[in-house]
Amino acid sequence: MPIRNRFAELHPEITAWRRDFHANPELLYDTHRTSAIVAQKLGAFGCDEVVEGLGRTGVVGLIHGRNGPASKTGGKVIALRADMDALPILEASGVEHASTVVGKMHACGHDGHTAMLLGAAQYLAETRNFEGTVAVVFQPAEEGGAGAEEMVQDGLIDRFAISEIYGMHNSPVVPFGEFAIRSGPFYAACDSFTINVRGKGGHAARPNNTVDTTLVGSAIVMALQSIVSRNADPQQPLVVSVTSFRTESETYNVIPEHVRLQGTVRSFDQQLREVALQRVRDLAQVTAQAYGAEAEVTMDEIPYPVMDNHARETDHCVAAAQAVSGKVNAQAPRVTGGEDFAYMLQACPGAYIQLGVNVEGGRNAGLHHPEYDFNDEIIPMGCSYWVTLAEQRLAG
């Protein structure tokens, strides 16, 4: 069952929705405009129930099958999830529908994810060619705010009796129109750290009278590089990156009193994750002490766990993708990026798939890049995948 003809008809309209979302990006839980548009459209499509405010600004639409709600027919409820939030990035794409909000942009394609799930919802509400209930879930705050966890804690799974949940993300590194997925750990656990180094500032011409925090910070950066090479099994993926090095001084003749380092740890194994985080703490503190300084290490309050696809549900995704595209990599490489859909997969069986948007020889800015823009040509395929998955999982 290839791309649905209906989505060829709807393509211009869904593209217009997507570009409107792109021009009006919102961060984290502040998706009030986007959420309101989503809720309005779901109501206009004829969804049987539209729930707003779940997980602060999340929206859920329920679409019952041909014989009524799952609760009355004994059918299942499956959920399809899209993320809505943008990133704090200054856009440089140059497109006509570029962000109208300085310092905010849809640099990860969540505008496309939202538009494609809306298109699928419209089709499912029109046709209802399934038994049971489809819940379309629109989530805020994927980019660092753990909106998925918030929605789960607010009753997403239990309130709607969801038995399976599925997610999808566009991928500029997967060929256009192809799908990629793997069972088990797919996206990495994502932890971030801050190291505050304190020493003794002073005149750069008399370093002997100081405890040089720039030197201490540099030594800590180098020491942290040993975690991957000397504490991790070579067969276990691990990333430790220091991404920010800031001092309180911006002049050439002052040794600063304070330096702040920030970075991230990405892992797929819980035991290795714990070892790596402890080594960050230990190496920072011991290295600072060796230079006569002090180091305080704090970890992010909202770490993302490993996103672990369930085996049976992964097979269901492969079947739907195969029906739509015919090209599915079911042993896709692991991704060291984080994804808070992990929280939903901890609460309910499900799986997460990538949809390729990489056009060979074309312009393919990467995710989180200021020149990125979602590839609208993939919309009919993304919508068709959602519909096919729903109909296959809820076949009468």
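This briefing covers a sheet, the helices packed on it, a cavity and a buried histidine. The model is predicted. Eight strands make up an open sheet with mixed pairing. The structure holds one cavity of 30 Å³ or more.

**Sheet**
- The strand order is 1-2-4-3-5-16-6-15.
- Strand 1 (49–54) and strand 15 (328–329) stand at the edges. Each has a single partner strand, so one side of each lacks a neighbour in the sheet.
- Strand 2 (residues 58–64) pairs with strand 4 (residues 133–139) in the antiparallel sense, over six bridges.
- Val-59 has Phe-138 of strand 4 as its bridge partner.

**Helices on the sheet**
- Helix 4 packs on the sheet and touches strand 2, strand 3, strand 4 and strand 5 (164–175). Its direction makes about 145° with that of strand 3.
- Helix 12 (residues 379–393) also packs on the sheet. It touches strand 3, strand 4, strand 5, strand 6 (179–180) and strand 16 (350–358). The direction of helix 12 makes about 150° with that of strand 5.

**Cavity**
- The largest cavity has a volume of about 30 Å³.
- Its lining consists of Arg-81, Ala-82, His-113, Met-116, Met-168 and Trp-386.
- Strand 3 (77–83) and helix 4 (110–127) each supply at least two of the lining residues.
- By class, the lining has four nonpolar, one polar and one charged residues.

**His-22**
- His-22 is found in helix 1 (residues 5–23).
- His-22 counts as buried because its relative accessibility is 0%, and buried means under 20%.
- Beyond its neighbours within four places in sequence, His-22 is in contact with Glu-91, His-97, Ala-98, Ser-99, His-106, Asp-111, Tyr-372 and Asp-373.

How values were computed:
Residues numbered from 1 in each chain as written. Predicted model: local features only at pLDDT ≥ 70, side-chain atom pairs only at ≥ 80, totals over all residues. Heavy atoms only, no water. 1 Å grid on protein atoms, 1.4 Å probe; cavity = no way out; pocket = protein on both sides within 12 Å on 5 of 7 lines; lining within 4 Å. Points joined across faces, edges and corners; volume = space filled by probe spheres on them. Helix = DSSP H or I, 4+ residues; strand = E, 2+ residues; numbered from the N terminus. Nonpolar A, V, L, I, M, F, W, Y, C, P; charged D, E, K, R; others polar. Buried < 20%, exposed > 50% of the residue type's maximum accessible area, 1.4 Å probe, protein only. Contact = heavy atoms within 4.5 Å. Pairing = 2+ DSSP bridges. Axes fitted to C-alpha atoms, helices over the stretch in contact; angles between N-to-C directions.
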